[in-house]
Amino acid sequence: MKAATEDDRMAELEVNHSASGAPAQGGFRERARSLCSACRQVFGMPDYERYLAHAAQRHPGAPVLTPSDFFVQAIERKYGKGGARCC
Amino acid sequence: MNRLVSFLLWPAIAIIGAFSFAALALGRGESVNAVWLVTAALSVYLIAYRFYSKFIADKVLQVDPSRPTPAVRHNDGLDYVPTNKWVLYGHHFAAIAGAGPLVGPVLAAQMGFLPGTLWILAGVVVAGAVQDFIVLFVSVRRDGKSLGEMIKMELGPIPGSLALVGVLAIMIIILAVLALVVVKALTASPWGLFTIFATIPIALLMGCYMRFIRPGHVGEASAFGVALLLLSIVLGRAVAESPSWAPLFTLSGEQLAWALIIYGAIAASLPVWLMLAPRDYLSTFLKIGTIVALAIGIYYVAPKLAMPATTRFLDGTGPVFSGKLFPFLFITIACGAVSGFHSLISSGTTPKMIENESHMRLIGFGGMLAESFVAVMALTAACVLDPGIYFAMNAPTAIIGTTAANAAQVISGWGFTITPDMITQTAKDIGETSILSRAGGAPTLAVGMAQILGQALGGKAMEAFWYHFAILFEALFILTAVDAGTRVGRFMIQDMLGHVYKPLGNTEYLPANLLGTGLCVGLWGYFLYQGVVDPLGGINTLWQLFGVGNQMLAGIALLLCTSVLVKMKRQRYVWVTLVPTAWLLITTLTAGVQKIFDPDPKIGFLSLARKFSDAAAQGTVLAPAKSIAEMQRVAFNNYLDAVVCAFFVVLVVAMCIFAVKVCMQALKQANPTAQEIPPLAGTQGALA
């Protein structure tokens with residue numbers, strides 16, 4: 001039982017690594033997308049494709065947010081309570 | 001090969017650093033190049049990062065790369081997201097760096113460039129970066145919990161609630177002082193006010209674009225936002241020169257204060273996507289861009305530091321803020337050396353995005369080093385200015401008067417020779433009517449930046465443009481902070497009111513929302529207005545109150561870190577947090593007590609209040625007040641400041657007692673008692 005959890009965790013880690021904004025292998029388009037996504041994440045905007053990949057892996061078949069809903073919710077979550085901001 | 005590079009590289013960096021410090025310290029009698037100062041700072045950062053942060057990570061915290069972080073355990077693709085460490089570094093830096101590191105060092109420059117530089121460097125390595133790193137670590141090991149929750153967990157419920165009240169008080173003072181910086185920068189400046197005003201429609205436009213046209217395209221929206229901002233700076237000149245438009249944008253300090261209070265109340269009630277989020281993107285964009293440009297500019301122009309290494313104002317008689325080097329330098333420069341507010345960010349969104357424990361060193365420790373570098377550059381920009389100009393901009397009118405001739409005479413009397421022509425010419429160069437008494441850091445930094453960037457790009461003709469660009473850049477993130485801070489304050493106030501009368505705590509209930517927002521704006525607005533009408537300057541009172549509060553918060557965060565280390569049975573290494581805690585407590589308690597009780601009315605709130613209320617009782621009007629009513633107001637406000645300061649002092653002493661008690665108990669235990677999430681809590685378990 002315990003071993004299974006451990007395996008899940010490793011699988012999870014691998015998925016994360018491939019989608020965490022590190023320069024991806026592949027063509028120019030993929031690289032450009034990855035760079036843009038990294039910049040957006042610096043601004044605090046999460047990556048939609050990574051969310052899709054995550055949803056497909058963890059909750060296959062379940063309904064997913066549309067891109068505009070995803071971004072609307074991301075802004076709401078980040079700023080809704082004001083968000084700690086520094087002096 | 002790697003080892004050989006390392007073997008040669010680190011001694012080389014150490015030698016470059018030592019050489020830079022020697023250039024700074026030994027360059028008596030002639031001005032030193034700013035490049036040495038910046039290089040010395042960079043060498044310190046590299047060495048501290050390579051050795052000290054590694055020691056903290058490996059020995060003190062024993063960071064474990066195989067231990068799943070909250071982002072891995074709770075990965076939901078939304079909030080808990082394992083993020084590339086360099087991306088998160090940028091994100092974290094954008095969240096921690098605000099106006100603080102730009103203001104404090106500029107004020108501290110009155111003592112010369114050396115005291116400020118040394119404190120920024122020593123403070124960041126020993127205290128600031130350590131705090132940010134360890135709070136981040138403590139939060140990651142506790143599922144990304146916030147500072148208040150962690151204090152509740154590890155120190156008990158009473159200290160937890162006390163800390164929350166303290167955070168709210170500090171927040172109010174921060175909002176007031178930041179708004180005051182904006183007021184000082186924009187008073188009677190139609191060019192500046194027009195460009196800041198223009199950011200409102202630009203943000204609304206960006207907000208709608210990102211909501212309805214291209215959701216999520218932050219970069220695109222920010223790019224055209226920045227283009228419009230630059231256009232607004234160009235238009236601003238035309239507005240300032242137009243006889244019909246200029247009066248519309250020429251406001252007095254009081255009018256600006258009211259405008260900001262009304263703005264704060266409205267902005268904090270609008271939907272976040274409409275103004276707060278786009279403003280924040282714009283300000284992040286400008287922040288990163290300007291800081292990089294300034295660093296390149298300093299190396300490219302290699303300006304000389306016109307300010308001496310130390311000035312006669314070490315003795316506490318300075319016009320910008322009163323009080324001796326110890327303890328007042330250490331509360332004037334808070335952000336950049338150590339900032340308590342970072343403990344809220346390091347226990348906010350960042351810990352939920354850490355991919356691996358081994359990344360915390362770069363993000364926590366390294367992120368703070370970058371903010372410190374911003375502080376060093378701000379100090380450099382202020383010290384590049386002619387000292388006469390620096391004092392003309394930062395001394396209050398009560399000391400230097402309101403005309404260039406008077407100011408030049410007073411300042412030359414201090415030994416910083418300057419002519420009235422130089423003062424008026426500087427104002428003309430930057431496209432303003434006057435530069436006198438624009439305390440608060442932003443304008444001084446803007447003139448310094450304008451001179452550096454002007455020399456690099458565009459020459460004298462572009463100085464006015466760069467000046468207003470720099471003002472815009474600072475005002476933009478201050479206004480974002482005012483908006484976001486008012487929202488945070490509202491939630492905290494509603495949370496507290498909810499304990500008194502339940503419906504007031506409901507954040508979905510409109511009357512309760514309005515009450516919370518109104519109270520929050522009213523509180524910071526009161527301090528802001530008091531600062532604006534304070535004939536003695538305002539900044540020199542409020543900034544020190546903020547400094548005391550912010551350093552006290554750092555003290556509280558470090559007390560938590562110390563208690564956690566003891567509870568983890570790592571007391572061998574407890575000096576890592578105990579030394580900065582002790583230093584912060586010593587400086588802030590000394591400063592706090594002096595601010596309240598010092599018999600010199602220039603320093604002590606109570607003695608100034610007494611001086612004015614006694615004189616008012618006898619019917620004499622003391623300059624610079626003009627009426628008995630004004631005298632009574634000065635007295636009342638100083639009593640109030642004394643109460644706020646006393647609250648901070650009592651708060652930190654109480655936290656200290658709680659922490660000592662917890663540590664004593666933990667020392668008696670044979671096993672670790674810190675409440676961490678166990679390393680083997682797998683993904684499934686945590687989600688269940």
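**Exercise 1. Describe the surroundings of Cys656(B).**

Solution. Cys656(B) is found in helix α26 (residues 628-668) of chain B. Helices here are DSSP runs of H or I with at least four residues, strands are runs of E with at least two, and both are numbered from the N terminus. The model is a predicted one, in which local features need pLDDT of at least 70, side-chain atom pairs count only at pLDDT 80 or more, and totals for chains, interfaces and linings use all residues. Residues are numbered from 1 along each chain as its sequence is written, while chains are lettered from A and ligands numbered from 1 in the order in which they are written.

Next, take burial. A residue is buried if 20 or more other C-beta atoms, placed from the backbone, lie within 10 Å of its own; it is exposed if 12 or fewer do, and partly exposed in between. Cys656(B) has 16 other C-beta atoms within 10 Å, so it is partly exposed.

Then list the contacts, meaning pairs whose C-beta atoms, placed from the backbone, lie within 7 Å. Leaving out residues up to four places away in sequence, Cys656(B) touches Leu559(B) and Leu585(B). Between Cys656(B) and Pro159(B) there are 9.7 Å from C-alpha to C-alpha, although they are 497 residues apart in sequence.

**Exercise 2. Classify Ala188(B) and Ser437(B) as buried, partly exposed or exposed.**

Solution. Start with the backbone. Ala188(B) is not a glycine, yet has a positive phi of about 50 degrees. Ser437(B), also not a glycine, has a positive phi of about 50 degrees.

Locate each residue. Ala188(B) sits in the loop between α8 (157-186) and α9 (190-213) of chain B. Ser437(B) sits in the loop between α19 (420-429) and α20 (442-456) of chain B.

Now apply the counts. Ala188(B) is partly exposed because it has 16 C-beta neighbours inside 10 Å. Ser437(B) has 24 C-beta neighbours inside 10 Å and therefore counts as buried.

**Exercise 3. Find which residues of α11(B) are buried and what they pack against.**

Solution. Helix α11 (residues 253-267) of chain B has 15 residues and reaches 20 Å from its first C-alpha to its last, close to the 21 Å expected at 1.5 Å a residue. The expected span is 1.5 Å times one less than the number of residues.

The buried residues of α11(B) are Leu256(B), Ala257(B), Leu260(B), Gly264(B) and Ala267(B). They cover an arc of only 105 degrees around the axis, so they lie on the same side of α11(B). The arc is that of the directions from the helix axis to the C-beta atoms. These buried residues of α11(B) pack against α8, α21 and α22 (510-533) of chain B.

**Exercise 4. State how far chain B can be trusted and how its residues are arranged.**

Solution. Confidence comes as pLDDT, which runs from 0 to 100 for each residue. Chain B has a mean pLDDT of 92, and 98% of its residues reach 70 or more. Over residues 683-688 of chain B, the pLDDT is below 50. Where pLDDT is low, the predicted coordinates should not be read in detail.

For the arrangement, chain B has 27 helices and zero strands. Buried residues make up 58% of its 688 residues. Among contacts in chain B between residues at least 6 apart in sequence, 80% join residues at least 24 apart.

Key
pLDDT = per-residue confidence, 0-100. Contact = placed C-beta atoms within 7 Å.
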